[in-house]
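Open the model in your viewer and keep the selection box at hand. The tour goes stop by stop, with something to select at each.

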Amino acid sequence: MADLALTDVMKTYGRGQVALDRVSLDVQDREFVVIVGPSGCGKSTTLRVIAGIEEETSGDIRIGGAVVNDLCPGARDVAMVFQDYALYPHMTVAGNIGFGLRRRGMARAKVHERVKRVAEVLEITDLLDRRPAMLSGGQRQRVAMGRAMVRRPKVFLFDEPLSNLDARLRVSMRSEMRRLKEHMPTTTVYVTHDQTEAMTMADRVVVMNSGRIEQVGPPMEIYRHPANLFVAQFIGSPAMNLLDATLTETGAEIAGKTHIALSGARDVGRQIVLGFRPEAVRPADSGMPARVRTLEPIGQEIIVEFESAAGTRISSRLPPDTQLKAGENVHLTVDSACAHVFDPRTGAALDSSA
């Protein structure tokens, strides 16, 4: 096992196109870190640079304390799992899993032992004699994972491995990944665009945007305390509600009418962006005037979208028995303890008593 460290890693293409902008990240031994962000943010490039598939423009990459910048991918002792499985169609499952070990000259008996052990962990022992064409998508993904696991590398790298699976299989495979963390706790960097994967599997989440790291932390810390407007909007579904507001002596005023209480002293008159999660807003007898736009029942709750008197759309999570109708006029109240304050110029989070 080993830790992983990236220090001021830059990656540029062509005429100064910046893919990675001074990315620094420390991943502890046996930690499971998930990098999440929109398409083109640099998350997969980060993974390829760690693996040595792409060469960094500058900066250092360390695995187990040793700089690996000049090492080829095969010498870095990392194993990578891609979203497209990349299995050999003419080989059996056992042949695919053990292929890398055989190429390294490992004895046949030892290869057989390793493959059997990994197959037991992945619960695919009964598939060892089949070929990839006879497998489902979820089974193929397990084989691809097994091929990486059998090597017992210092670092696992996963590049959106579940993106080709249907919704039900993704849920099942997320459970498998969490179980595997307990069986084979290896230093892992997992890339995904799916924030549900990030929130449910990670020890820590790395949120990237435009080649930069916006925030790093445990999943719920990032959800509850976003560092800036980008993280606030990207993490959470529906996204955090954001409204222009003005600080007052006792809180924030929205559209010159609705007041939200905030604790502490503040810079009265300062323009801010006030944020609150959908679960923090509720219909009430008084408060912010709004109109019901849409209702989306999803079983255990209803996602309701309101439109404020100022024309701003506001999302709310409500109990499934909530009695509301599209077009209905209501008032909304916000749990001030869950409010977030952001600087509209820089996007940075401010203390609620700013």
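Leaving aside neighbours within four places in sequence, which residues is aspartate 60 in contact with? Select aspartate 60 and find out. The contacts are Ala5, Leu6, Thr7, Val9 and Asn69. Aspartate 60 sits in strand β4, which spans residues 58-63. Now add alanine 5 to the selection. It lies 55 residues from aspartate 60 along the chain, yet the two C-alpha atoms are separated by 8.0 Å. Is aspartate 60 buried or exposed? Neither label fits: its relative accessible area is 30%, so it counts as partly exposed.

**Zoom out: the whole chain**

Bear in mind that this is a predicted model. Show the full chain as a cartoon. You should count 8 helices and 21 strands. Along the principal axes, the C-alpha atoms fill a box of roughly 75 × 45 × 35 Å. Of the 354 residues, 47% are buried. Switch on a surface. The chain exposes about 16900 Å², and carbon and sulfur atoms supply 47% of that area.

Colour by charge next. There are 44 positive and 43 negative side chains. The centres of these two sets lie 8 Å apart. Contacts can be drawn too. Take those between residues at least 6 apart in sequence: 65% of them join residues at least 24 apart.

**Strand β2: arginine 22**

Select residues 17-27, strand β2, and pick out arginine 22 within it. Its phi is positive, about 50 degrees, although the residue is not a glycine. Arginine 22 is exposed, because its relative accessible area is 55%.

**Helix α1**

Go to residues 43-51, helix α1. Here 8 of the 9 residues are buried, so the rest of the structure largely encloses this helix. Show the buried set as sticks: Lys43, Ser44, Thr45, Thr46, Leu47, Val49, Ile50 and Ala51. Then step just past the helix. Glycine 52 has a positive phi of about 90 degrees.

**Helix α2 and the core**

Select residues 93-103 for helix α2. Which of its residues are buried? They are Val93, Gly95, Asn96, Ile97, Gly98, Gly100 and Leu101. The buried residues of α2 pack against α3 and α4. After α2 comes glycine 105, with a positive phi near 85 degrees.

Stay on isoleucine 97. Leaving aside neighbours within four places in sequence, it is in contact with Val115, Ile124, Leu128, Val143, Gly146, Arg147 and Val150. Isoleucine 97 is also one of the residues that touch the most other members of the largest nonpolar core. The others in that group are Val93, Ile124, Met145, Met149, Tyr190 and Ile235. The core holds 43 residues. Its largest share, 6 residues, comes from helix α3, residues 108-122. In soluble globular proteins, nonpolar side chains tend to be buried together.

**Helix α4: arginine 142**

Move to arginine 142 in helix α4. Is arginine 142 buried or exposed? It is buried, because its relative accessible area is 16%, and the cut-off is under 20%. Leaving aside neighbours within four places in sequence, arginine 142 is in contact with Leu122, Glu123, Ile124, Met173 and Glu176.

**The loop after β7: glutamate 160**

Find the loop between β7 (155-159) and α5 (167-183), and select glutamate 160. Like arginine 22, glutamate 160 is not a glycine. Its phi is positive, about 45 degrees. Glutamate 160 is at 13% relative accessibility, so it counts as buried.

**A cis peptide bond**

Select serine 237 and proline 238. The peptide bond joining them is cis, with omega about 0 degrees. Proline 238 lies in the loop between α8 (229-234) and β11 (241-247).

**Last stop: an open sheet**

Follow the chain from that loop into β11, then show the sheet around the strand. What is the strand order of this open sheet of 6 strands? Read it as β13-β12-β11-β14-β20-β21, with antiparallel pairing. At the edges are β13 (258-261) and β21 (349-350), each pairing on one side only.

Now isolate β14 (residues 271-276) and β20 (residues 340-342). The two pair in the antiparallel sense over 3 bridges. Select leucine 274 to finish: opposite it stands valine 341 in β20.

How values were computed. Residues numbered from 1 in each chain as written. Predicted model: local features only at pLDDT ≥ 70, side-chain atom pairs only at ≥ 80, totals over all residues. Heavy atoms only, no water. Helix = DSSP H or I, 4+ residues; strand = E, 2+ residues; numbered from the N terminus. Buried < 20%, exposed > 50% of the residue type's maximum accessible area, 1.4 Å probe, protein only. Contact = heavy atoms within 4.5 Å. Areas by Shrake-Rupley, 256 points an atom, 1.4 Å probe, with all protein chains shown as cover. Lys, Arg positive; Asp, Glu negative; His and termini not counted. Charge placed at Lys NZ, Arg CZ, Asp CG, Glu CD. Core = buried A, V, L, I, M, F, W, Y, C linked by side-chain atoms within 4.5 Å. Pairing = 2+ DSSP bridges.
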